[in-house]
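Trainee: I should like to go through this model with you, beginning with how its parts are arranged.

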Amino acid sequence: MSVGIVGYGAYIPKYRIRVEDIARVWGHDAGSIKSGLGVLEKSVPSLDEDTATLAVEAARNALKRAKDVKPSEIGAVYVGSESHPYAVKPTAATVAEALGIVPDTTAADLEFACKAATAGIQACMGLVKGGYIKYGMSIGADTAQSAPGDALEYTASAGAAAYIIGSENLVAEIEGTFSYTQDVPDFWRREGAPYPRHGGRFTGEPAYFEHVVKASKGLMERLGTNVSDYNYVVFHMPNGKFPLRAAKILGFTIEQVRIGLVVEKIGNTYSGSSLLGLAAVLDVAKSGERILLTSYGSGAGSDSFSIIVRDLIEERRNLAPSVKYYVERKEYIDYALYARSKCLYRG
Amino acid sequence: MSHIAPPAHWRRAKERYRLLGSKCENCGSTFFPPTKVCPKCRRKGRIVQTEFSGKGKIYSYTIIHSAPKMFEKYTPYILALVELEEGPKVMSQIVDCKPEEVKIGMAVEVCFRKLFEQDGEGIISYGFKFRPADNSWKSLQ
């Protein structure tokens, strides 16, 4: 039995703040930040948007593309995020209710920094393949938090991507998945703390690169594929530089990375990041083309997937807005309005 | 209003999350919020639940500058009567739109947003709001 993607959907809030506007407030050099991070601007949620609302918007787009799927046929809903609105009360139940998936379904919130939703896809693959459910949905959504003035403030943004997993009417088949996980203290947020902390440079070699590279290599070894078998490759995008370096280490070309690199104008959407990159690839990929997707979550782990695009993509991709549409739909705000929308003031 | 009891929130959640109203199968009238009795057909009416498409236009609007406490952080905001394509008029904030851009007759589409929250520890109420309809994504693809 083949298992794969039946529908996918993206969502990015309308508002943006430029690196210049953040750098001016803190006296940083915008030019060196832009060239150092490979990010020019980032998305900012409205005051009335949070992880649950972003997840619903992306999930509605996924359902539009999976037009044969009735909400009542979705037997599992997982929302991966590190910014769930409640500490206790599942975002996934709100999403399931808003989409009419309730009540005959399982639902849960997942947390593994930026990779929780790819773990959700793996769970859906298992439930579908085991015959327990017909379809499952996994959504990566975040309104990422960053301490004012911290380096993270230049990239921590908001966005969501939703995937419906099943075994019929596939727009893309998932031919294999492999994960690589270790306990690495590169980025964390304690219970009740408003902002995450990170290990600075330590987030690179022993964290992001170790896991992204080993998960990708592990998957290709098990499937007997190599870098030249892939038309596109998508990695988690904490900034614009890390995925390019990971690609270089593994031997991929810039051309293979380019389409899925959606960080320069929206920032790091955390749990949405690699899955928005995959959506951007599915927006343009042709039947028969192969995609390597490797997520990364601090703490630390990577899930790698090998995906083959099917014919049905041609008629389904135009049923909902593309990632490109959301990236280009924007209105700039300054730091004062950004501080208001992120509630950086105390009151 | 500073406190919403969980049952009051829960009773209206389905209609707010999915824009669920009611329809009389006898005369075809649609209602929001949902009704149990058709005011036209009375006992001949056959009321069923219906999910509205979320497409509509602005019937009228006002700009709120002085808001109740739970909406203060959104001011100035647009509060509109939206006429759904199925007929009923619903009251909603218009988002992703500046107060100077809103017009009577403007096409709008439903979106899912936070409606209000009691405080840092209370329930968050979610539901429909409307934003300007944008079909430009169709020509981008």
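**Domains, contacts and a sheet**

Mentor: The model is a predicted one. In it, chain B is divided into domain 1, residues 19-51, and domain 2, residues 53-134.

Trainee: How far apart do the C-alpha centres of domain 1 and domain 2 of chain B lie?

Mentor: Domain 1 of chain B gives five residues to the contact, and domain 2 of chain B gives seven. On the side of domain 1 of chain B that touches domain 2 of chain B there are three nonpolar, two polar and no charged residues. As for the C-alpha centres of these two domains, their separation is 24 Å.

Trainee: Which element of chain B gives the most to the side that touches chain A?

Mentor: The contact between the chains takes 20 residues from chain A and 16 residues from chain B. At least two residues each come from helix 1 (6-18), strand 7 (107-117), strand 8 (124-132) and helix 2 (136-140) of chain B. By class, this side of chain B has 10 nonpolar, one polar and five charged residues. The element that gives the most, with four residues, is strand 7 of chain B.

Trainee: Turning to chain A, which residue stands opposite A:I17 in strand 3?

Mentor: Chain A has an open sheet of three strands in the order 3-2-14, with mixed pairing; its edge strands are strand 3 (41-44) and strand 14 (331-332). Strand 2 (residues 15-18) of chain A runs antiparallel to strand 3 of chain A, and four bridges join them. Opposite A:I17, in strand 3 of chain A, stands A:K42.

Trainee: At about what angle to strand 2 of chain A does helix 1 of chain A run?

Mentor: Helix 1 of chain A comprises residues 19-26. This helix lies across strand 2 and strand 3 of chain A, and its angle to strand 2 of chain A is about 50°.

Terms used. Residues are numbered from 1 along each chain as its sequence is written. Chains are lettered from A and ligands numbered from 1 in the order in which they are written. This is a predicted model: local features need pLDDT of at least 70, side-chain atom pairs count only at pLDDT 80 or more; totals for chains, interfaces and linings use all residues. Two strands pair if DSSP finds at least two bridges between them. Two residues are in contact if their C-beta atoms, placed from the backbone, lie within 7 Å. Axes are lines fitted to C-alpha atoms, for helices over the stretch in contact, and angles run from 0 to 180 degrees between N-to-C directions. Domain bounds come from an automatic or database domain assignment. Ala, Val, Leu, Ile, Met, Phe, Trp, Tyr, Cys and Pro count as nonpolar, Asp, Glu, Lys and Arg as charged, and the others, Gly among them, as polar.
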